[in-house]
Amino acid sequence: MKEFDYIVVGSGCAGLSASLELAVNNRKVLLIEQHNIPGGCATSFVRGRFEFDPSLHELCGVGSAEDPGFVRKMFAKYGVDIEWCEATDCFRVISTYSDGEPMDVTMPSGKEAFIDKMEYYVPGSRASVTKFFALMQNIQDGLDYISGDKIDPREIIKKYVPMVRSGGYTTSVVFDALGLPQRAQDILSVYWTYLGVDMEKLSFLHYASMVNTYVTKSAYYPAHTSHEISVKMTERLRQLGGTVMMGCRAEKFLFEGDKCVGVQTNLGAFRAKYGVLANINPDIVHGKMVPQHLVPRREKKIAAARDRKLGGRMFTAYFGLNKTAEELGIKDYSIFLVGTSDSVKEYDSLKHIATNNYAIMLCYNIHNEAFSPKGTCVVSFTTMFTSAEDFNELDEKEYFKLKTKMAKRFMDLLREKAGIDLSDAVEEITVASPYTFARYLNAPEGGVYGFETTQWDGIIPRTIEMTMGLDYKLKHLYTIGTNGVRGDGYSSAYTDGQILADRALAQFEKEDA
Amino acid sequence: MALEFKVRSLGGDLKRFVGLITDREHAIKKAPEKDVDPVFAINENAKLLHPDYQKMVIQDIIEHKGADSKTFVFKKADGSKAAYFRAGQYVSVLLKIGSSLVTRPYSICSSPAEALEGIVKITVRNVKDGYAAPYMLENFKVGDEVCISGPEGTFYYEPLRDAGHVIALAGGSGITPFLSMANAIREGTEDFCLTILFGSRTEENILFKKELDEIASQCSKVKVVHVLSDEKKDGCETGFINADLIRKYAPEGGYSIFMCGPEAMYRFAQKEIEKLQIEPRFVRRELLGVTKNVASLPDYPAECAGKTYTVKVVIGEQEQVIDGKAEETILTAIERAGIPAPARCRSGECGWCRSKLVSGTVYIPAENDTGRRYVDKERGYIHPCASFPTSDVVIEVPGSYMQ
Ligand SMILES: Cc1cc2nc3c(=O)[nH]c(=O)nc-3n(C[C@H](O)[C@H](O)[C@H](O)COP(=O)(O)OP(=O)(O)OC[C@H]3O[C@@H](n4cnc5c(N)ncnc54)[C@H](O)[C@@H]3O)c2cc1C
Ligand code: FES
């Protein structure tokens, strides 16, 4: 049996960053992936003359070359060079304010510009929105601090009191405490679907850690789909002496005593000298991939407390169009087509097929004309389901009809709300349902956001739990990914992989010595 | 000025913050300690739609005398449903022939509703100097176990793109996806008008004549026009399927063209379709495979023809050095050596065989290089089913789940 220092199972965002973190620390890494391409969500597929990105809207935390964000810094550390495109606007949202008036606003990237534009839409909002940004920055710095190795409580009291004072509350409570005018709150609530829980359940710290980076560092995406990132990361891993195996599916984790020592796969068994990082949902790992008598008590109880409640289940449609964005009248990179800015009501309506009238439209050619062949453009739509109910029973005969129905609904929403009609330009169309994501990612219910990050299971409690020590976990086996300390999203998963790899380096090898 | 923020009193806010930790501990503490359940209904359903493979048993074999073909009726070995599919999709059939391990794509000719009864039918036409087709025709017998893939491919009716009326151009065994579509329309699974222009040599050669004529007589949305190249017959058109014939049967207003048939028909029909000046998005072609005569392509490096190279195949930890003939694809070389390798379309399109070219060079026919991703082209990832070695090569191939 071949031995490596570490084995990383699954090449999602977290698996990729974890592998690279270990490799730049000169460890011998084996990365295995069940598919023939790396990336998990971060991938692409080809239809006709179009290449589509199935998941990435915007990557948080890239920042410009001059003012790099944590993702750009991480990639620089790993020696991974991506051709980035900047999304200069944060978003356009077409919805209704909670006072019933129609909303159609476009918010720019950059803190100052964002505050100015908010003042334009909501006169009198400047002071509170400025404070909102200051608070988010404090939180972001504080989060980085408490995710580090050494934490001094005095330092927290000196610098991060605002984080502490806002940290225990949900986003809607903090919005009120900041005195944000209702219309500003309505506009700011748009991002909730990126985190999968409504504003009354969503921890403000979680919200802030994402929104601050999006606005201040602007959002980026790779010029050639997120497959570009995943391929370049695996290539770099090979250069650093790592081994990558595709079409290699982990079936079981191997143990000696209570210590994880390797992985059984369809291509044979592999040994890990120090440990294994699994980019797999913990319920799958603890439910069927390890000897049951070893599953820690606390993991069982965490699973029971989560009670299998997952964040968003995606439903998406991808269109290759035989006209340019300009010809179709598309000017925005992203448009949120939202029924109501009341996230609690919206969350409810996203439970069922009958009431889900939500879509985020993206046009990948807006900042990147060459994304598809000359004279064409690519548009995708995304909605999510906040309940599994309508999908637990599969009626095959209705399945493809459902795909068509949802794709048509997306097109109708865009036409009705933004006056943009795609129907005469469709050259390729592919629709992905929660089943598609479940099948491809092995993620429970195709829930790409992992378990709901509600108050007790938000990113701060998860981070604090980690800081207090991971001794309760299986020995020499960590799960990484969207269920980790940073929650969902590409940048969160990259960060989680990196943090957990560092923990493994500190923990697994110490135990060994 | 330092940022001031509060919700309640300092004590109240602090309590909430500490509450984050205590809430978590509390939630975990009060949760029951029970085994973790890894089974989720959506994931189980997803496996029904997208199985790694399907174990089938040959339930029946139907001979088509004049057409040198047989229809194999597969039934799911464990009696369960077969994966539901879109009429027009194909399955990949796994075959162990001597020491070789090969796959071949075949359009499903049965209807989606039959899949729910566990039935999948394919029709295999004999191929002169062929390999897998003659093998199946000679050796498959009722009761044999056969491993097939889940449904694959994008050659199906898409209501948000395609016109309400489809003119199908079929040649020989290229009728199979259209038979499935016609069945699907009749049973109500699909809803569009289908006019099939079906080219055969003589009336005796027509595949599925009885079935097709029966569907057409029962279902007003399906029409079948037999086009005979070698014989004049009442009620049939004579000659080849050309622009005039398409115009003759085309409906008023717009229509889509779907094409499936042998290479010669594609090349002929291609020019005819151009004359019709329809928007390219209304013309769909089923995949054709890779040319059998690569050396005849104008940009093929002539100096390579006839040579044999070494191909080092790396799968996981295993390495094997095998021969690779210049005029055979790398996938063929791998299959000849009996090494299991993932593949589906064998046309360069679907990406199932995507592999890393570690060293060496390959020739990829332009017409088969439509499925590779942008960055894959840049970084030396190839589709071995459409790549011919032009030097000794080292290639990393993904593991396969179909065995
Ligand atoms: C439609 C959609 C839109 C999104 N939009 C955005 C966006 O705009 N911005 C953003 O930041 N995030 C977005 N996300 C979310 C983001 O993609 C995910 O949260 C993130 O990629 C999760 O990364 P991960 O590492 O946890 O896991 P995954 O991407 O789930 O990767 C897990 C990997 O492990 C492999 N694997 C699983 N089991 C095994 C096994 N037994 N053996 C071997 N391999 C295995 C899988 O094949 C997969 O490659 C979106 C997601 C979707 C689907
Ligand atoms: S098998 Fe489809 S691209 Fe090779």
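How many residues apart in helix α7 of chain B are Asp244(B) and Arg247(B)? In this predicted model, the two sit three residues apart in that helix, which spans residues 243–249, so about one helical turn separates them. Their side chains pair up as a salt bridge, with the closest N and O atoms 3.0 Å apart. Asp244(B) is exposed, at a relative accessible area of 54%, while Arg247(B) counts as partly exposed, at 46%.

That pair belongs to a longer list, as the structure holds 67 salt bridges over all chains. Another one in chain B links the side chains of Arg16(B) and Asp23(B), with 4.0 Å from N to O. Here Arg16(B) is partly exposed, with 24% relative accessibility, and Asp23(B) is partly exposed too, with 30%.

Some salt bridges reach from chain to chain. Take Arg284(B) and Glu428(A), whose side chains meet at 3.2 Å, N to O. Arg284(B) lies in strand β12 (residues 283–285) of chain B and Glu428(A) in strand β17 (residues 426–432) of chain A, so this pair joins two chains. Are these partners buried or exposed? Arg284(B) counts as buried, at 11% relative accessibility, and Glu428(A) is buried as well, at 7%. Salt bridges can also link up into a network: Arg298(A), Arg306(A), Asp457(A), Arg462(A) and Glu465(A) are tied together with Arg24(B) and Glu25(B) in this way.

Helices meet each other as well. Within chain A, the axes of helix α4 (residues 126–147) and helix α17 (residues 459–467) come within 10 Å and cross at roughly 25°, which means that α4(A) runs roughly parallel to α17(A). On the α4(A) side, the residues in contact are Leu143(A), Ile146(A) and Ser147(A), and they meet Ile459(A), Ile460(A), Thr463(A), Met466(A) and Thr467(A) of α17(A).

Now for a pair of helices from two chains. The axes of helix α16 (residues 434–441) of chain A and helix α2 (residues 41–49) of chain B come within 8 Å and cross at roughly 85°, so α16(A) is roughly perpendicular to α2(B). From α16(A), Pro434(A), Tyr435(A), Ala438(A) and Arg439(A) touch a set of α2(B) residues, namely Ile42(B), Asn43(B), Asn45(B), Ala46(B) and Leu49(B).

Finally, the surface. Ile157(A) and Val161(A) team up with Leu10(B) and Leu14(B) to make a nonpolar patch of about 340 Å². Val161(A) has its place in helix α6 (residues 161–167) of chain A and is partly exposed, with a relative accessible area of 33%.

Definitions and conventions. Residues are numbered from 1 along each chain as its sequence is written. Chains are lettered from A and ligands numbered from 1 in the order in which they are written. This is a predicted model: local features need pLDDT of at least 70, side-chain atom pairs count only at pLDDT 80 or more; totals for chains, interfaces and linings use all residues. Side-chain values use heavy atoms; hydrogens and water are left out. Patches are made of residues with over 30% relative accessible area and no salt bridge: like charges are joined within 9 Å, nonpolar side chains (Val, Leu, Ile, Met, Phe, Trp, Tyr) within 5 Å. Accessible areas come from the Shrake-Rupley method with a 1.4 Å probe; for residues, only the protein chains shown count as cover. Helices (H or I, at least four residues) and strands (E, at least two) are DSSP runs, numbered from the N terminus. Buried means under 20% relative accessible area, exposed over 50%, partly exposed in between (1.4 Å probe, protein chains only). Axes are lines fitted to C-alpha atoms, for helices over the stretch in contact, and angles run from 0 to 180 degrees between N-to-C directions. Angles under 35 degrees count as roughly parallel, over 145 as roughly antiparallel, 65 to 115 as roughly perpendicular and the rest as oblique. Contact means heavy atoms within 4.5 Å.
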